[in-house]
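The following exercises train the reading of a protein model, element by element. Each task is followed by a solution that proceeds in steps.

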Amino acid sequence: MLVLVIGAATMTRRPQPSPAPAPDTAPRGVLVTPSGVVAPILATDEAGWWVRTPCFRVGRADAGTVVESVDVVLDPGHGGGEDGAVSPDGLREADVNAAVAEQVARRLEAQGLTVLVTHPNAYTLLLHPRGEIATALAPRVMVSIHHNSVYERVIDEPGTIALHQKDSAVSRRLAELLDAEVGAAIAPLGDRWAAGDDLGPQRKASVDDPRWDWFGLLRFSSSVPSVIVEAAYVGNGPDGDPPSSPEGPLLATDAFRDAEADGIARAIEAFLAEPPATTGEPPAHPSGAPAQDPLAASCVDPADVSLPV
Ligand SMILES: [Zn+2]
């Protein structure tokens with residue numbers, strides 16, 4: 001605290017922020033603010049932190065806890081006002097994702113692992129900052145948890161899908177473990193996906209479609225072994241599809257969520273116990289520039305990390 005004495009009056013001056021970092025600054029570590037906002041740290045000064053905001057802007061924060069690294073990053077897909085898939089009876093994918101992520105975190109922490117969940121399901125978090133949270137923490141693994149409806153008509157059977165980083169044997173290994181462990185965990189709870197595993201590589205599809213970037217998370221986190229897992233379908237999708245998935249009602253049950261969380265946690269533990277060698281590994285899916293995120297225009301940053309206007 002600086003104290004300036006001017007004549008007979010005493011004034012205190014608050015520390016001033018350093019100049020804003022360049023927008024392309026690579027963050028190191030994350031700040032978790034008092035309201036639970038997770039923000040990659042771009043710079044630290046006497047007055048607080050410059051951070052990347054959930055809407056992928058440069059913002060300020062003056063309070064919070066710094067997390068420098070963790071073993072595992074869990075990313076519940078969507079969240080806040082962004083529903084993700086919604087079942088005909090109103091079950092929001094975002095809420096299922098958050099509930100399962102919390103349970104996976106509990107299981108991993110009970111095994112002595114450190115875990116960070118990318119957001120508290122209270123605000124919109126764009127894809128690029130999700131990737132930055134991972135790269136800023138350099139965890140041993142990141143798993144993004146989703147439950148889908150509309151994507152990929154080529155997969156016309158319900159079931160578990162694990163999407164890995166293109167050309168990454170490490171990410172593919174994690175995807176295979178997630179596919180196997182989650183599939184085994186939920187198999188006793190339904191019959192359509194327990195009937196057989198004949199979808200082959202489609203279930204472990206890599207993502208390289210330039211037309212859209214819904215899977216940009218896998219590029220933005222390219223330095224971290226990352227997988228998106230879709231354990232089951234919230235609904236079968238719009239446009240004349242059957243009005244509901246047989247899996248949708250199951251996703252509302254504790255039994256299903258418990259089983260799924262068991263499967264995800266077991267897959268992560270198995271991966272960490274025996275990670276594939278990385279020597280000679282080609283780079284993961286190239287990181288590239290931030291794609292046009294369809295949510296960016298309407299994204300509103302939480303007050304904790306907003307720049308004053
Ligand atoms: Zn989703």
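**Exercise 1. The faces of an edge strand**

Which residues of β6 form its covered face, and which form its uncovered face?

*Solution.* Step 1. Note that the model is a predicted one. Step 2. Recall the general rule: in a regular strand, side chains alternate between the two faces of the sheet. Step 3. Apply the rule to β6: Gly59 and Ala61 belong to the covered face, while Val58 and Arg60 belong to the uncovered face.

**Exercise 2. The surroundings of β6**

Determine which strand pairs with β6 and how the two are connected.

*Solution.* Step 1. The partner is β5 (residues 48-52), which is joined to β6 by four bridges in an antiparallel arrangement. Step 2. Two facing pairs can be located: Trp49 is opposite Ala61, and Arg52 is opposite Val58. Step 3. The connection between β5 and β6 is a hairpin with five residues between the strands. In its turn, Phe56 has a positive phi of about 65°.

**Exercise 3. The antiparallel sheet**

State the strand order of the sheet that contains β6, and explain why one side of β6 and one side of β7 lack a neighbour.

*Solution.* Step 1. The sheet is open and has five strands in the order β6-β5-β4-β3-β7, with antiparallel pairing. Step 2. Because β6 (58-61) and β7 (65-67) are at the edges and each has a single partner strand, one side of each has no neighbour in the sheet. Step 3. From one strand to the next, the twist averages 45°. Step 4. Helix α2 (residues 127-137) lies across β3 (30-32), β4 (38-45), β5 and β7. The helix runs at about 60° to β4.

**Exercise 4. The mixed sheet**

Give the strand order of the mixed sheet and work out how its strands are joined.

*Solution.* Step 1. This open sheet also consists of five strands, in the order β9-β8-β10-β12-β11. Step 2. β9 (115-117) and β11 are the edge strands, each pairing on one side only. Step 3. The twist here averages 20° from one strand to the next. Step 4. Go through the pairings listed below.

- β8 (residues 72-76) and β10 run parallel and share five bridges; Val73 has Met142 as its bridge partner in β10.
- β10 (residues 141-148) and β12 run parallel and share six bridges; Ser144 is opposite Ile228.
- β11 (residues 161-164) and β12 run antiparallel and share four bridges; Ala162 has Val229 as its bridge partner in β12.

Step 5. Consider burial: in β12 (residues 226-233), eight of the eight residues are buried.

**Exercise 5. Two helices beside the mixed sheet**

Describe how α3 and α6 lie relative to the strands and to each other.

*Solution.* Step 1. α3 lies across β10, β11 and β12, at about 25° to β12. Step 2. α6 lies across β8, β10 and β12, at about 155° to β10. Step 3. α3 (residues 169-186) and α6 (residues 254-273) pack with their axes 8 Å apart, at an angle of about 150°. Their crossing is right-handed. Step 4. The contact includes Leu174, Leu177 and Leu178 of α3, and Ala259, Ile264 and Phe271 are among the residues of α6 that take part. Step 5. Sorted by class, this contact has 13 nonpolar, one polar and five charged residues.

**Exercise 6. The whole chain and its confidence**

How many helices and strands does the protein have, and where is pLDDT under 50?

*Solution.* Step 1. The protein has six helices and twelve strands. Step 2. Of its 309 residues, 44% are buried. Step 3. Among contacts with a separation of 6 or more, 76% are between residues 24 or more positions apart. Step 4. The mean pLDDT is 80, and 75% of the residues reach 70 or more. Step 5. For residues 151-156 the pLDDT is below 50, and this stretch has four contacts beyond near neighbours in sequence. Step 6. Residues 279-289 also stay under 50, and the model has 22 contacts for them beyond four places in sequence. Step 7. Conclude with a caution: where pLDDT is low, the predicted coordinates should not be read in detail.

Definitions and conventions. Residues numbered from 1 in each chain as written. Axes fitted to C-alpha atoms, helices over the stretch in contact; angles between N-to-C directions. Left-handed = near helix turned anticlockwise from the far one by under 90°. Contact = placed C-beta atoms within 7 Å. Nonpolar A, V, L, I, M, F, W, Y, C, P; charged D, E, K, R; others polar. Pairing = 2+ DSSP bridges. Buried ≥ 20, exposed ≤ 12 C-beta atoms within 10 Å, placed from the backbone. pLDDT = per-residue confidence, 0-100.
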